[in-house]
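Hi,

Here is the structure I promised to pass on. Have a look at it first, and my notes follow underneath.

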Amino acid sequence: MIIAHRGLYDNKKIKENTIKAFDKAIQNGCDGFETDLRITKDGKIILMHDPFISRVASSHGLVKKLNYKEIKAKFKDIATLEDITNKYQNQIIFLELKEKIDITKYLDNNNTYYITSFNYNHIKDLPKGNYKRGVLNYVFNTNINYKNLDFIMILSDLITDKIYEFYTNQNIEVVLYGINKRIPTLKKEYLDKIKYIY
């Protein structure tokens, strides 16, 4: 299964983490998409990778110090978590928490949600629900309670059959990210079961 990292975008006509990028991913046969979540000064959960807006907008400023309307005025294609939960159905959606945000009340049963973060502390207190919980780059996280995790995202260059088996034997789904031109060296039966973040 192929998951489009921040959607399919070119950063000219279609910017990353926008409805246009997600629509294009779905139209081009992707099985789902990944996006990043941050919270504005007035508490709106927006889809933005960086802590500042200058890379995608014609202005500058920190997300946490700007209100949603201020960001919208500078980046008209900005989308919110509610925009995607209201728009899509029957999609696989990876939600990466860039900070600790309780997003559980926004998630419905219309999609399959994977909530993840590089920081285990953003994930560990999420209760079980109609979503899956996981971490990225497990080598940077210590003291993880694997019973709290439904999946783990591993850099594709680091995966081995033994690592795959270690997690799947604990009923933890393995997702690969950072896919390059080299196909991971795993048994074919394992390759066929994995979701890939491209």
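**Strands around β5**

β5 and strand β6 (residues 132-136) run parallel and are joined by four bridges. Keep in mind as you read that this is a predicted model. On to the other pairing of β5: strand β4 (residues 92-97) also runs parallel to β5, with five bridges between them.

Thr116 is a handy residue to click on here. Its opposite number across the β4 pairing is Glu96, while in β6 the bridge partner of Thr116 is Gly134. As for β5 itself (residues 112-117), five of its six residues are buried, so to speak of the strand as mostly covered is fair by the under 20% relative accessible area cut-off.

**Asp108**

Next, go to the loop between β4 and β5, where you'll find Asp108. What is the nearest side chain of opposite charge to this buried residue? That is Lys87, but it is 13 Å away, and Asp108 has no salt bridge. What the Asp108 side chain does reach is the backbone nitrogen of Asn110, at 2.9 Å. If you skip the neighbours within four places in sequence, Asp108 is in contact with Thr85, Tyr113 and Asn130.

**Helix α4**

Now for α4, which covers residues 161-168. Its buried residues are Ile163, Tyr164 and Tyr167. Looking down the axis of α4, you'll see that these buried residues fall within an arc of 100°, so they line one face of the helix. The general background is that an α-helix has 3.6 residues a turn, so residues three or four places apart point the same way. And what do the buried residues of α4 pack against? They meet β7 (151-155), β8 (173-177) and α5 (188-191).

**Lys65**

Last one: Lys65, in the loop between β3 (45-47) and α2 (68-74). Is Lys65 buried or exposed? Its relative accessibility is 59%, and the cut-off for exposed is over 50%, so Lys65 counts as exposed. Setting aside neighbours within four places in sequence, Lys65 is in contact with Lys41 and Glu70. If you want a distance to check in your viewer, try Lys65 to Phe75: they are 10 residues apart in sequence, and their C-alpha atoms are 15 Å apart in space.

Cheers

Key:
Residues are numbered from 1 along each chain as its sequence is written. This is a predicted model: local features need pLDDT of at least 70, side-chain atom pairs count only at pLDDT 80 or more; totals for chains, interfaces and linings use all residues. Side-chain values use heavy atoms; hydrogens and water are left out. Buried means under 20% relative accessible area, exposed over 50%, partly exposed in between (1.4 Å probe, protein chains only). Helices (H or I, at least four residues) and strands (E, at least two) are DSSP runs, numbered from the N terminus. The arc is that of the directions from the helix axis to the C-beta atoms. Contact means heavy atoms within 4.5 Å. Two strands pair if DSSP finds at least two bridges between them. Lys and Arg count as positive and Asp and Glu as negative; His and the chain ends are not counted. A salt bridge is a side-chain nitrogen of Lys or Arg within 4 Å of a carboxyl oxygen of Asp or Glu. A polar contact is a pair of N or O atoms within 3.5 Å; within protein, one must be able to donate a hydrogen and the other to accept it, and residues adjacent in sequence count only if both atoms are side-chain atoms.
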